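Okay, thanks for squeezing me in. I'd like to walk you through a couple of acidic residues, so let me put the structure up.

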Amino acid sequence: MKMRRKILGMLLCVVLTALVGCGAKDSDKSGGAAKEESAKTEAAEGSEEGDDKVIRVGCEATTPGWIQTGNDGSLEGYDFDVWQEIGKRTGYEIDYQVMDWDAMWPMLESDRLDSVGEQISVTEEREKKYTFSAPYAYNVYCLLAAKDNDKLKTMDDLKTGMTISCETNTSDEIIVNAINKEYGIELKPTYYDGMSVQDVALGRCDLWPRAETSCNTTVKEVDNLKILGKTNILETNAYPFAKTERGEELAKAVSGALDEMRSDGTLKELSEKWFGIDISEKPANAQ
């Protein structure tokens, strides 16, 4: 039966070849090229019409207080409010797009996103790849542990071999290395693809490193967690852009808006709204 169908298929292909050609590879190539050229033309026309006045911002929407999905299904949080204010001050429409964390960075590098807006830490590695805006937040890092973990009551109880959560493609490893250096220990990183604080609450992992704002919010929303203590490690938050002409232009415009917002107290007001503390100014005693 399969052989008979195969022979019939070959005969049909011969007939169709005479009429329109068997297979669509060549026509797909030419059609694809035409579509690509058409898309470029449309993009150029759209740019001329003002479509370039949109800033596409990616987020995972899983960071409490910074950006998350509210009860009504809409985005909310400090980052979201900051971007809305940036839009008002620069004249850009802000198009927030929710997606997987690991997907955002390739999209930023391939010009399908303009920035990422979800508590992004400025690191040396990232500065090599992206152009950053002026900072809009400064956070001291803390460690979370399970409330019922009797082995961890203060920061002095940290010991070599204890496990600490690290999310992939984040600055967590840098923080862990800094903690190890500060306390003279060797914590054991446990890697997760996404948020992992529940594993700390359940006792599967000892520690969760996060900035103070996230820790304050998380202990209110997740049972059986406590803030073990603060480190002297500072997280500086800013918005990344591609190292392109458009990226540089957007970074400059966003930086100007952020500087204005710091000067007139808007950043302070928004950070106190979401976190109860002012994170718009750099602490004098932090690294």
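So, to start: which side chain does a polar contact of 2.7 Å join to that of Asp-79? It's Tyr-239. And there's a second tyrosine in the picture, since the Asp-79 side chain also makes a polar contact with the side chain of Tyr-136, at 2.6 Å.

Before I go on, a word on confidence. This is a predicted model. The mean pLDDT for the protein chain is 83, with 80% of residues at 70 or more. Residues 1–49 are another matter: pLDDT stays under 50 there, and the model has six contacts beyond four places in sequence for that stretch.

Back to Asp-79. You'll find it in helix α3, which runs over residues 78–90. Here's the bit I like: Asp-79 is buried, yet it has no salt bridge. The nearest side chain of opposite charge is Arg-126, and that's 11 Å away. As for what Asp-79 does touch, leaving out residues up to four places away in sequence, the list includes Trp-66, Ile-67, Tyr-96 and Glu-118, along with the two tyrosines I mentioned.

Now the other acid, Glu-212, which sits in helix α8, residues 212–221. Buried or exposed? Buried, because its relative accessibility is 17%, and the cut-off is under 20%. Its side chain has a polar contact with the side chain of Lys-230, at 3.2 Å. Setting aside neighbours within four places in sequence, Glu-212 is also in contact with Asn-139, Val-140, Cys-142 and Ile-277.

That's my bit, happy to rotate the view for anyone.

Conventions. Residues numbered from 1 in each chain as written. Heavy atoms only, no water. pLDDT = per-residue confidence, 0-100. Contact = heavy atoms within 4.5 Å. Helix = DSSP H or I, 4+ residues; strand = E, 2+ residues; numbered from the N terminus. Buried < 20%, exposed > 50% of the residue type's maximum accessible area, 1.4 Å probe, protein only. Lys, Arg positive; Asp, Glu negative; His and termini not counted. Salt bridge = Lys/Arg side-chain N within 4 Å of Asp/Glu carboxyl O. Polar contact = N/O pair within 3.5 Å; in protein donor to acceptor, adjacent residues only side chain to side chain.
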